[in-house]
Amino acid sequence: VQADRAFRLEKGEDGLALAHTVAPSARVFINPPYSSGQVIRWVKAYAHAGFCFLLRFDPSTEWFRVLYANSELVCLPRKRVNFDPPPGVKSFTNVYPHALFFARFYHASEQIKRLCFSWRTR
């Protein structure tokens, strides 16, 4: 992976298995699966990179503590984040607050910061 571009997965690639190939200077957006034990695996696998994680805002979890310690900026959207369901799945309203966790504060655009309550962690 070149340092001057974002890391991008192609359909069918395993992002968790490829995490070690991501350069520390690469930018990568991650919205990992929430199934049991998965989030912490993704957080640890990409802690070295220029990540932006989209996850629930849940300080009660181990992954939150690890992710927060590795983030320079946290952005909490002013409005609830809703997701489009896959084909055939009934849509629902998201009841959990979400946040964007940035490894580097300068990776967050001014537009993102205007849409969120944001704070630098260090």
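# A guided tour from His 107 to the cores

Begin by selecting His 107, which touches Arg 27, Gly 50 and Phe 102 when residues up to four places away in sequence are left out. The model on display is a predicted one. His 107 belongs to the loop that runs between S4 and helix H3 (110-114). Its relative accessibility is 14%, so His 107 counts as buried.

**Helix H1**

Next, select helix H1, residues 38-46. Its buried residues are Gln 38, Val 39, Ile 40, Trp 42, Val 43 and Tyr 46. Displaying the surroundings of these side chains brings up strand S1 (27-30), strand S2 (50-56) and helix H2 (62-70), against which the buried residues of H1 pack.

Within H1, keep Trp 42 and Tyr 46 on screen. Both Trp 42 and Tyr 46 are buried. The two residues are four positions apart in H1, and therefore about one helical turn separates them. A search of the whole structure for aromatic pairs finds eight. Trp 42 and Tyr 46 form one that is stacked, with 6.0 Å from centre to centre and 10° between the planes.

**Helix H2 and the aromatic cluster**

Move on to H2, where Trp 63, Phe 64 and Leu 67 are buried. Around the axis they span an arc of only 100°, so they lie on the same side of H2. To see what covers the buried residues of H2, add elements including H1, S2 and S4.

From Trp 63 and Phe 64, extend the selection to Phe 57, Tyr 68, Phe 101 and Trp 119; these six residues form one aromatic cluster.

**The largest nonpolar core**

Which residues have the most contacts inside the largest nonpolar core? Select Tyr 46, Phe 51, Phe 53, Leu 55, Trp 63, Leu 67 and Phe 101 to see them; the core as a whole has 23 residues. Two or more residues of this core come from each of S1, H1, S2, H2 and strand S4 (98-102). H1 provides the largest share, namely five residues.

Centre the view on Phe 51 and display its contacts. Leaving aside residues up to four places away in sequence, Phe 51 touches Val 28, Ile 30, Tyr 46, Leu 67, Asn 70, Ser 71, Phe 101, Phe 102, Ala 103 and Arg 104.

A second core, separate from the one above, consists of eight residues, among them Cys 52, Leu 54, Leu 100 and Cys 116.

**The cysteines**

Now select the cysteine sulfurs. How many disulfides does the structure hold? The number is zero. For Cys 52, the closest cysteine sulfur is that of Cys 75, and at 7.8 Å it is too far for a bond. Cys 75 is likewise in no disulfide, the nearest cysteine sulfur being that of Cys 116 at 4.9 Å.

Is Cys 75 buried or exposed? With a relative accessibility of 0%, Cys 75 counts as buried. Cys 52 also counts as buried, at 11% relative accessibility.

**Strand S3 and Pro 77**

Select Pro 77 in strand S3. Although Pro 77 and Cys 116 are 39 residues apart in sequence, their C-alpha atoms are 4.1 Å apart in space. Apart from residues up to four places away in sequence, Pro 77 touches His 98, Ala 99, Leu 115 and Cys 116.

**Two arginines over rings**

Show Arg 78 together with Phe 117: Arg 78 lies over the face of Phe 117, 4.1 Å from the ring centre. Then turn to Arg 56, whose charged end sits over the ring of Tyr 34 at 4.6 Å from its centre.

**The loop between S3 and S4**

Finish in the loop between S3 and S4, and select Gly 88 there. Gly 88 is exposed, with a relative accessible area of 88%. A distance drawn from the C-alpha atom of Gly 88 to that of Phe 105, 17 residues apart along the chain, reads 38 Å.

The last selection is Thr 93, placed in the loop between strand S3 (73-77) and S4. Its relative accessibility is 61%, so Thr 93 counts as exposed. Between the C-alpha atoms of Thr 93 and Leu 115, which are 22 residues apart along the chain, the separation is 19 Å.

Note on methods
Residues are numbered from 1 along each chain as its sequence is written. This is a predicted model: local features need pLDDT of at least 70, side-chain atom pairs count only at pLDDT 80 or more; totals for chains, interfaces and linings use all residues. Side-chain values use heavy atoms; hydrogens and water are left out. Rings of Phe, Tyr and Trp (its six-membered ring) pair if their centres lie within 6.5 Å; planes under 30 degrees apart count as stacked, over 60 as edge-to-face and the rest as tilted. Buried means under 20% relative accessible area, exposed over 50%, partly exposed in between (1.4 Å probe, protein chains only). A charge sits over a ring if NZ of Lys or CZ of Arg is within 6 Å of the ring centre and within 35 degrees of the ring normal. Contact means heavy atoms within 4.5 Å. A nonpolar core is a set of buried Ala, Val, Leu, Ile, Met, Phe, Trp, Tyr and Cys residues joined through side-chain atoms within 4.5 Å. The arc is that of the directions from the helix axis to the C-beta atoms. A disulfide is a pair of cysteine sulfur atoms within 2.5 Å.
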